[in-house]
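Let's take a friendly walk through the empty spaces of a protein model, from open pockets to enclosed cavities. Have your viewer ready so that you can select residues as we go.

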Amino acid sequence: MPEWLNNAIFYEIYPQSFLDTNGDGIGDFEGIIQKLDYINGLGCNALWLNPCFDSPFKDAGYDVRDYKKTAPRYGTNDDLKRLFSEAHKRKMRVLLDLVPGHTSEEHQWFIESSKACPKEYRDRYIWTDHCFKTTQGIGFIAGEAERAAAYIINFFKCQPALNYGWFKPAENWQLPMDHPGPAATREALKDIMRFWLDAGCDGFRVDMAMSLVKGDDGERSGTSMLWRDIRAMLDRDYPDAAIVSEWSYPKQAIAAGFHADFFLDFAPNSGGFKSLFRDYELTSDNVISGEDKSFFKKGAKHNIKKFVDEYIYHYEATKHYGYISLVTGNHDIVRMRGSLSTEEIALAYAFIFTMPGVPFLYYGDEIGMRYINVPTKEGGYYRTGSRTPMQWKAGANLGFSAAAADKLYLPVDRAADAPTVEAQEKDPASLLNTVKALIALRRAEKDLGALPNFSVIYAESGRMPFVYRRGSLLVAVNPSGECAKAAVPQTIAGSPLYAIGNCSAANGECSMDAQSFGVWRLAQ
Ligand code: NOJ
């Protein structure tokens, strides 16, 4: 485990929308460099940058055309290296986004592989042996290439799947993992990782990490073998590099060699993350329909068990080997502010920043940026509403860019009360200052860090509060509109170390006012 990950608090940046310093309407590396002190000032000491490589941007950069070249709209490779060194000067780390499962259909590998008689990269992608041959249940594209075969896609049509082989090949076009073609793909992936690690990055967030080996078993045994091999390379040659997976099944991902895995809502997880902040359905127009059952929604039917049962299952399986990452949001999910009030969000963040593992704060979530209904951009669809420009200050384009408003990558929030960093910095009660206080608390109290010292004290379906222990600390949160009490260890000493709203604990009971949160030290 890279030592620095034990104390890491990440800030995720969607580079398109962070800060534009050259007036072209889109964010850039220089903008990120200029805001490193701001991010550091929040208490975050690590960054995750969404893909910033050469791409036709049909999926916001998750369709890479050249893994070793930055997208010119953000800057050059040298600018990105400067970002690494400026971050390192501030003792901050930078994870790049590694997209190992697919490339853009414009990648040179794919262009060559699509030819009737490819000279190179014949097996870099997964081709069937006949132009009319596909298999049910897998996404194929037929009829596009000169090559008389169909190929598998990993996500959108523009993203042909790279070939890491099949776990148990059943057809002659399904190559085994140790076939020279898939083996060469794996070496190419290692080569890309080495390229950026040598350039100064500190590791990778790994896109769809569980999807590499096709025809895998339920345990993802083939894909796990592949990652363990990559982890061995890191342990040997780059022991300080971290890999964080988008796998959403920590039990498998950590065993496969990842240092941390996101706790999201992909199958086979069953909605424990969603149940906290986004337990509702969206219509096709992105409007919340029906009841909002989110745990952190004030008047909702609360059920913390959905989260707790799933989390504990993964936590117990991984606690000695790696971390679970909880996120405030990301570029794929509706911002909390789509449905929760600022007060509700403050309690949600208090929970996230007092849980074990490695937390991630999505840009703009620190000020409660809204989810905005905007037309799709770069394959974002409903996700686009969580990708609008960062709101720095009052005035033109809310400080994001000097370009004309109609030239911006996406429009800024036009609401009269659009939150900004500038306004919230001046307001001691703002969400921004609450985030800073929570992160400061996490950093000051060793027991609130990544450590596996978590246990549940009180978590009952339909009841409040939720109470948990972190080593020598007790944490309780009551997002409901009513007072709530729970039995806690007798040994609580004095008033809370930190609180939101009113709460107290004495004589073996904690008493939480509506919408409150508290952290207490347990007497020895
Ligand atoms: C997950 C990424 O987070 C998402 O934005 C992207 O569209 C897909 N993977 C495909 O790469």
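What follows is a tour of the pockets and then the cavities of this predicted model.

A good place to begin is the largest pocket, which holds about 870 Å³ of space. Its lining is made of 40 residues, and those closest to the centre are Phe155, Glu246, Asp265, Phe266 and Asp332. If you colour the lining by residue class, you will find 17 nonpolar, nine polar and 14 charged residues. Now try colouring by domain: domain 1 (3–99 + 182–444) and domain 2 (102–163) each contribute at least three residues to the lining of this largest pocket.

Next comes the second largest pocket, with a volume of about 250 Å³. Here 14 residues form the lining, with Asn6, Asn7, Lys446, Gly449 and Ala450 closest to the centre. By class, the lining of the second largest pocket splits into five nonpolar, five polar and four charged residues.

Let's turn to the enclosed spaces. How many cavities of 30 Å³ or more does a search of the whole structure find? There are three, and the largest cavity contains about 70 Å³ of space. Which helix gives the largest share of the lining of that cavity? It is H9, with three residues. Helix H9 (305–318) and strand S13 (323–325) each provide at least two lining residues. Among the residues around the largest cavity are Tyr311, Tyr315, Ile324, Pro356 and Leu451. Ala450, which you met at the second largest pocket, also lines the largest cavity. The lining of this cavity counts eight nonpolar, three polar and one charged residue.

Note on methods: Residues numbered from 1 in each chain as written. Predicted model: local features only at pLDDT ≥ 70, side-chain atom pairs only at ≥ 80, totals over all residues. Heavy atoms only, no water. 1 Å grid on protein atoms, 1.4 Å probe; cavity = no way out; pocket = protein on both sides within 12 Å on 5 of 7 lines; lining within 4 Å. Points joined across faces, edges and corners; volume = space filled by probe spheres on them. Nonpolar A, V, L, I, M, F, W, Y, C, P; charged D, E, K, R; others polar. Domains from an automatic or database assignment. Helix = DSSP H or I, 4+ residues; strand = E, 2+ residues; numbered from the N terminus.
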